[in-house]
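Ready for some practice in reading a protein structure? Have the viewer open, try each task on your own, and then compare your steps with the worked solution.

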Amino acid sequence: MPRTNEHLITALISMNRTAAHDIIRQHYNGKNTFLLIEQLVVPALETIGDLWTEGIVALSQVYMSSRIIEELIDELLPPGDPGRIGQPKMAIAVLEDYHLLGKRIVWSILRAGGYELLDYGRVTVAETLEKIVADKIEILLISTLMLPSALRIKDLKSEMERQNLKTRLIVGGAPFRFDEMLWRDVNADATANNAADSLKVLNGIVEELT
Amino acid sequence: MTVDTMTPMQRVLMTLSHKEADRVPFFLFPTMHGARELKLSIKEYFSTAEYVSEGQLRLREKYHHDCLSSFYYGPAEIESWGGEVIFREDGPPNSGRPFIQSTSDIERLPVPDITEVPALKRVIKTTEMLKKEVGNEVPIIGVVMSPFSLPVMQMGFDKYIELIVDHERYFWQLMEINQKFCINWANAQLSAGATAICYFDPVSSPTIIPKETYLKTGFKIAKDTISQIQGPTAIHLASGISLSIAGELAETGAVGVGVSVEENLADLKAAFKNKLTVIGNLNGIEMRRWTKAETEENVKQAIRLAGPDGGFILSDNHGEIPWQVPDETLVNISKAVFKYGYYPINEPDPKK
């Protein structure tokens, strides 16, 4: 559906909620949610993410696109619906950082991609450890804006290793974009260049684990 | 020529007039490093004007950069509305829970009296102390958050984007309040002795909002606000890109622009040539792990790309050096400026 994809991208970039919802509803037949996610939603969000990385669209457009799509997918595939991808267990967090926009966008995009994940909000290293053990989390996504918060991921990882926790860490946010070596420095398992890229990275890890 | 023949003020003024001074000026903004210098925690350091003034002067003695800064931390402005500031040991303080929780809160929001806010009073006192110390020899840079970017701390980034997109009336109401505050705050710093104002406006960058939105919002607000600031103003986009709005930035009345490492410095220099002085664009995040050789190379490259014909001040890309950048790296930046920064700078590399 290349033409439909184009229309959806245009509707999302111009933050036209009605047009975006209409495009998806036109192709919805009551049981093809995952096909729509795979063929329409994910490619559109990935293209918008790439356009942001290239400096062609702005973060506000990425944010609004993710919200618009999340709202619609929540209608078609409500939270808790057994059709959502809930395994392996995953969560998203902001580690000792007070900037929540990045996490909000990634959360929306992953949910728009059909994933079910826990939102830990803003947490410390100790709280994160407690939560991932209690919830048996296999994949943890961490969003950061500030460099000190990004560096704290290394402490988290050391503690995870000490406790023999195998949770995979996917990290992202401004510090990782400005320093391509940083995700390795903090011993993360993967990084994503932008919010939509996190969906791609997550898909890869999920495939590996299942 | 390998020695300074101008004062930092003369050098910066000549650079701002798009002429070659004795050498390329460099602005370091090690906002928090003064705490390390005085062996204090970041929170203690920012608790009195005397500490920050002493810290700034000691750092300039060490790095020989061409400015002083009276900037403390972004959320200081948030304290004016009773907002919470959260300190940490290894980085700049953050603003806490946004105090605008719903659009209707905007209707009740006052324009704070800046003379009543302890954090702002400390900044003013620091500015006065620095001015007393350096007179007209070294420029003192004051900082304001732009009316357009301040709401990120006032209400949270996600809610603010939604305000811009969906609630035009409340958006302009908030801008009116913030603009009055910003102009008062900038002019108070200038009266206290600041030479110029850095107008921090990351939300105006095409990294954050599309150009068409910027033209209707951030651009108009910047133009109107800067016209009422009674001194030279530079716009800083705090790592955000700027090339696609270069023409508009030049029309705001600013004299300089802080540019991103995500864009090519030669392209930036060409886009702003004879219009705005380019300030940037060393990568502050990578800087924490630069070797001496990498530091020298990065400084040399930046100077060679943007130094010729003036209109360029070497600085970092964000307007603040992260706490994690070692003092030694800042010394190495300084040494490289004194090695490669003297005009004329386009001479062939002697090593090649």
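**Exercise 1. Place Leu215(B) in its surroundings.**

Task: Find which helix of chain B holds Leu215(B), and decide whether Leu215(B) is buried, partly exposed or exposed.

Solution.
- Step 1: Leu215(B) belongs to helix α10 of chain B, which covers residues 211-216. Keep in mind that you are looking at a predicted model.
- Step 2: The relative accessible area of Leu215(B) is 32%. Buried would need a value under 20% and exposed one over 50%, so Leu215(B) counts as partly exposed.
- Step 3: Look for partners. With neighbours within four places in sequence left aside, Leu215(B) is in contact with Lys220(B) and Glu248(B).
- Step 4: Check one distance. Leu215(B) and Ser204(B) are 11 residues apart along the chain, and their C-alpha atoms are separated by 9.2 Å.

**Exercise 2. Study a residue in a loop.**

Task: Work out where Thr31(B) lies, and which residues Thr31(B) touches beyond those up to four places away in sequence.

Solution.
- Step 1: Thr31(B) sits in the loop that runs between α1 (8-16) and α2 (33-37) of chain B.
- Step 2: Its relative accessible area is 4%. The cut-off for buried is under 20%, so Thr31(B) is buried.
- Step 3: Not counting residues up to four places away, Thr31(B) touches Tyr45(B), Phe46(B), Phe71(B), Tyr72(B) and Glu320(B).
- Step 4: One of these, Glu320(B), also has a side chain in polar contact with the side chain of Thr31(B), at 3.2 Å.

**Exercise 3. Describe the two chains as wholes.**

Task: How many helices and strands does chain A have, and how many does chain B have? Then test each chain against the globule rule.

Solution.
- Step 1: Chain A has 10 helices and five strands, while chain B has 15 helices and nine strands.
- Step 2: For the 210 residues of chain A, a compact globule would have a radius of gyration near 17 Å; chain A has 17 Å, so the two agree.
- Step 3: For the 352 residues of chain B, the rule gives a value near 20 Å; chain B has 19 Å, which also agrees.
- Step 4: Add the burial figures: 56% of the residues of chain A count as buried, and 62% of those in chain B do.
- Step 5: Along the principal axes, the C-alpha atoms of chain A fill a box of roughly 50 × 35 × 25 Å, and those of chain B one of roughly 65 × 45 × 35 Å.

**Exercise 4. Trace salt bridges within a chain.**

Task: Which parts of chain A does the pair Arg111(A) and Glu70(A) tie together? Repeat the search for Glu107(B) and Arg169(B).

Solution.
- Step 1: Side chains of opposite charge can pair when their charged atoms come close.
- Step 2: In the salt bridge of Arg111(A) with Glu70(A), the closest N and O atoms are 3.5 Å apart.
- Step 3: Arg111(A) lies in helix α5 (residues 101-112) and Glu70(A) in helix α4 (residues 59-76), so the pair ties together parts of chain A that are 41 residues apart in sequence.
- Step 4: Arg111(A) is buried at 4% relative accessibility, and Glu70(A) is buried at 7%.
- Step 5: Glu107(B) and Arg169(B) form a salt bridge at 3.8 Å, N to O. This pair links helix α5 (residues 103-107) with helix α9 (residues 168-192) of chain B, 62 residues apart.
- Step 6: Here Glu107(B) is partly exposed at 44%, and Arg169(B) is exposed at 52%.

**Exercise 5. Examine where the chains meet.**

Task: How many residues of each chain are in contact, and which three residues of chain B supply more of its buried area than any other three?

Solution.
- Step 1: The contact involves 31 residues of chain B and 30 residues of chain A.
- Step 2: The chains bury about 2,500 Å² between them, with 63% of it on carbon and sulfur atoms.
- Step 3: The three residues are Arg88(B), Ile285(B) and Arg288(B), which supply 21% of the area that chain B buries against chain A.
- Step 4: Five salt bridges are found across the interface. One pairs Glu262(B) with Arg177(A) at 2.5 Å, N to O.

Key: Residues are numbered from 1 along each chain as its sequence is written. Chains are lettered from A and ligands numbered from 1 in the order in which they are written. This is a predicted model: local features need pLDDT of at least 70, side-chain atom pairs count only at pLDDT 80 or more; totals for chains, interfaces and linings use all residues. Side-chain values use heavy atoms; hydrogens and water are left out. Contact means heavy atoms within 4.5 Å. Buried area is the accessible area (1.4 Å probe) that two parts lose on being put together, summed over both. A salt bridge is a side-chain nitrogen of Lys or Arg within 4 Å of a carboxyl oxygen of Asp or Glu. Helices (H or I, at least four residues) and strands (E, at least two) are DSSP runs, numbered from the N terminus. The radius of gyration is taken over C-alpha atoms; the globule rule is 2.2 Å times the number of residues to the power 0.38. Buried means under 20% relative accessible area, exposed over 50%, partly exposed in between (1.4 Å probe, protein chains only). A polar contact is a pair of N or O atoms within 3.5 Å; within protein, one must be able to donate a hydrogen and the other to accept it, and residues adjacent in sequence count only if both atoms are side-chain atoms.
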